[in-house]
Amino acid sequence: MVSITFIQPDGAAQTVQATVGDSVMQTALNNNIEGIFAECGGAMMCATCHCYIDDEWAEKTGDKSDGEDDMLDCAETEVTDASRLTCQIKVTDALDGMVVRLPSELA
Amino acid sequence: MERVVIIGAGQGGFQAAASLRQEGFDGEILMIGDEQGRPYQRPPLSKAYLKGGTVQALSLRPDSFFETHKIELRMGCWVRAIDRANARVEIDGEQIAYDHLIIATGARNLRPQIAGLEHSVGLRTLHEASAIKAFLVNGVRVGVIGGGFIGLEFAAVARELGHSVTVAEAAPRLMARAVSEPMSARFAEKHRQLGTEIILGDGVAEIDAGGFTLASGRYVDTDLALLAVGVVPNVELAKLAGLQVDNGIVVDEMLVTSDPAISALGDCAAFPDPVTGRSIRLESVQAATDHARLIAKRIAKGADAPYRAVPWFWSDQADWKLQIAGLAGPTDTAEELADGTVLRFCGSRITAVETINNAKVHMTARKGMASGVPLTRQKFDVTPAEVLV
Ligand SMILES: Cc1cc2nc3c(=O)[nH]c(=O)nc-3n(C[C@H](O)[C@H](O)[C@H](O)COP(=O)(O)OP(=O)(O)OC[C@H]3O[C@@H](n4cnc5c(N)ncnc54)[C@H](O)[C@@H]3O)c2cc1C
Ligand code: FES
């Protein structure tokens with residue numbers, strides 16, 4: 001099992017156990033993490049699974065998928081250099097301890 | 001508002017319940033669905049699920065989500081009637097009162113008048129997909145009746161799994177209802193390269209235990225015949241209750257039916273196209289979720305903005321992801337660009353943009369359409385550098 005910590009915009013943190021092979025998006029849904037909606041079910045069509053991954057973990061998550069940046073451009077939440085679509089990140093042992101920060105909702 | 005009742009616990013019904021809570025609705029939410037188990041998503045049924053995907057990965061949310069958000073689920077429960085005069089729905093002898101009702105009954109497989117239909121299977125529900133999945137072992141002969149999205153996605157997966165596949169389509173081209181001619185042609189070529197036999201302009205006349213007979217008289221041997229010729233909206237409940245029905249449950253631009261206490265969404269709803277005003281019905285995750293969100297905002301907050309969402313759709317076939325932004329009418333013209341993008345036009349207006357594995361252009365189109373400023377042909381002029389890549 002791999003631990004992943006999700007941090008809400010207000011700082012509230014929730015550490016959950018993830019299954020290797022699942023996506024980070026699936027992990028979030030399984031654990032009722034607020035702020036991940038994943039409307040397209042991981043088809044990279046909706047950007048409602050958008051999160052920030054800190055630099056120290058960015059390398060370990062692997063490269064962005066083709067087209068991920070284009071989809072992120074349409075995210076309704078603020079996009080930064082740390083932005084990822086969590087449906088495109090597969091849980092591996094290397095991600096044990098990873099921190100995922102959730103975006104604040106734009107009004 | 002005290003209690004919202006949702007009929008149908010699929011993509012749109014679920015989204016309505018989730019969005020109601022997200023928008024701060026604190027009344028009761030009761031969702032009634034006739035399928036068993038947790039609400040799930042259908043798109044993977046013709047894609048990842050058949051290739052070893054799990055039932056858990058299909059679930060829209062875990063059980064705890066419904067508990068935490070106080071969304072009461074009645075699964076395995078069929079709504080028999082809507083009693084509008086008394087604002088109640090009827091399930092198995094029990095009457096359930098609503099203050100607002102959301103009809104999210106979706107659609108079911110179309111079963112045309114073909115002899116021997118009982119020898120074919122459909123692919124709409126998890127139940128059906130599981131049976132098909134169990135059958136797809138050790139190289140079988142698969143016959144697909146209907147060259148639409150679901151038939152073709154299924155064909156691609158079956159080929160990938162090593163089965164022999166024949167697709168028979170009555171129309172002269174694939175996915176004719178939804179994509180342009182150049183796209184149909186490219187997909188026909190793609191599937192043929194994958195080793196699938198694509199038969200066009202030759203519909204199925206009769207099905208039997210060993211295969212099916214085409215209109216031309218040709219017989220196709222199959223071990224599994226998939227019937228994928230489209231769906232019909234589940235509108236009977238609404239019709240019986242006296243709601244206006246025309247190709248779908250008719251709603252206005254606020255997605256309200258002819259009864260102000262009842263909304264309808266997703267596959268079963270016929271709503272005014274925000275661009276042309278004509279009544280349309282879409283079968284897509286986008287429509288179901290965007291409809292649901294608008295209805296939730298209206299119920300929870302009294303929001304009164306009309307429905308304006310830009311339609312988008314995708315279909316995964318082998319390593320090709322088809323993406324469509326916007327909505328083309330059946331007679332819209334098509335122009336193919338150097339990078340493979342197909343623009344659809346009604347007069348000079350761009351109505352839809354079709355791409356394969358080109359998220360950039362797809363998203364440009366979606367954003368452009370959402371901005372409200374009409375898209376221009378220039379926006380898609382590809383520079384020579386991009387063509388070379
Ligand atoms: C195999 C497959 C692949 C697909 N792939 C894609 C794709 O790639 N992209 C895309 O955008 N869309 C895709 N779709 C379409 C998408 O899944 C639908 O548009 C979406 O599910 C519609 O949501 P809905 O809530 O309107 O209906 P549904 O999800 O169908 O839910 C309706 C539910 O209501 C239930 N119900 C009906 N009547 C009653 C009653 N009287 N009482 C109780 N319950 C009732 C039904 O049994 C059903 O469970 C696909 C569909 C299928 C079948
Ligand atoms: S779930 Fe839709 S883009 Fe990730």
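**Figure 1. Ser46(B) occupies the loop between strand S2 (28–33) and helix H2 (55–58) of chain B.** The view is taken from a predicted model. Is Ser46(B) buried or exposed? Its relative accessibility is 5%, so Ser46(B) counts as buried, the limit for that class being under 20%. The side chain of Ser46(B) forms a polar contact of 2.6 Å with the side chain of Glu153(B). Glu153(B) also appears in the list of residues in contact with Ser46(B) once neighbours within four places in sequence are left aside. The other members of that list are Leu123(B), Ile150(B), Phe154(B) and Val157(B).

**Figure 2. Ala205(B) lies in strand S13 of chain B, which covers residues 204–208.** Ala205(B) has a relative accessible area of 42% and is therefore partly exposed. Which residues does Ala205(B) touch, not counting those up to four places away in sequence? They are Ile114(B) and Ala115(B), together with Thr213(B), Leu214(B) and Ala215(B). The view may also include Ala170(B), which is 35 residues from Ala205(B) in sequence. In space, the C-alpha atoms of Ala205(B) and Ala170(B) are 9.9 Å apart.

**Figure 3. His127(B) belongs to helix H4 of chain B, formed by residues 126–135.** With a relative accessibility of 69%, His127(B) counts as exposed, a class that begins over 50%. Glu35(B) is 92 residues away from His127(B) along the chain. How far apart are the C-alpha atoms of His127(B) and Glu35(B)? A distance of 8.9 Å separates these two atoms.

**Figure 4. Met175(B) has a positive phi, near 45°, although it is a residue other than glycine.** Met175(B) is placed in the loop between strand S11 (164–169) and helix H6 (181–193) of chain B. Its relative accessible area is 4%, and Met175(B) is therefore buried.

**Figure 5. Asn247(B) is not a glycine, yet its phi is positive at about 75°.** Where in chain B does Asn247(B) lie? Asn247(B) is found in the loop that runs between helix H7 (236–240) and strand S18 (249–250). At a relative accessible area of 47%, Asn247(B) is classed as partly exposed, since this class takes in values between the buried limit of 20% and the exposed limit of 50%.

**Figure 6. Chain B, the setting of the preceding views, contains ten helices and 26 strands.** Along its principal axes, the C-alpha trace of chain B spans about 55 × 55 × 35 Å. The radius of gyration of chain B is 22 Å, which agrees with the value near 21 Å for a compact globule, because chain B has 389 residues. Of these 389 residues, 54% are buried. Contacts between residues at least 6 apart in sequence can also be divided by separation: 62% of those in chain B join residues at least 24 apart. Chain B exposes about 16,700 Å², and carbon and sulfur atoms supply 51% of this area. How many positive and negative side chains does chain B have? There are 40 positive and 46 negative side chains in chain B, and the centres of the two sets are 4 Å apart.

**Figure 7. Chain A contains three helices and five strands.** In what order do the helices and strands of chain A follow one another along the sequence? The pattern of chain A is β-β-α-β-α-α-β-β. Chain A has a radius of gyration of 12 Å, close to the 13 Å that the globule rule gives for 107 residues, so chain A is as compact as a globular protein of that length. The C-alpha atoms of chain A fill a box of roughly 35 × 30 × 25 Å along the principal axes. Buried residues make up 50% of the 107 residues in chain A. Among the contacts in chain A with a separation of 6 or more, 62% are between residues 24 or more positions apart. The accessible surface of chain A is about 5,000 Å², and 43% of this surface belongs to carbon and sulfur atoms. Chain A carries 5 positive and 20 negative side chains, and 6 Å separates the centres of these two sets.

How values were computed: Residues are numbered from 1 along each chain as its sequence is written. Chains are lettered from A and ligands numbered from 1 in the order in which they are written. This is a predicted model: local features need pLDDT of at least 70, side-chain atom pairs count only at pLDDT 80 or more; totals for chains, interfaces and linings use all residues. Side-chain values use heavy atoms; hydrogens and water are left out. Helices (H or I, at least four residues) and strands (E, at least two) are DSSP runs, numbered from the N terminus. The radius of gyration is taken over C-alpha atoms; the globule rule is 2.2 Å times the number of residues to the power 0.38. Buried means under 20% relative accessible area, exposed over 50%, partly exposed in between (1.4 Å probe, protein chains only). Contact means heavy atoms within 4.5 Å. Accessible areas come from the Shrake-Rupley method with a 1.4 Å probe; for residues, only the protein chains shown count as cover. Lys and Arg count as positive and Asp and Glu as negative; His and the chain ends are not counted. The place of a charge is taken as NZ of Lys, CZ of Arg, CG of Asp or CD of Glu. A polar contact is a pair of N or O atoms within 3.5 Å; within protein, one must be able to donate a hydrogen and the other to accept it, and residues adjacent in sequence count only if both atoms are side-chain atoms.
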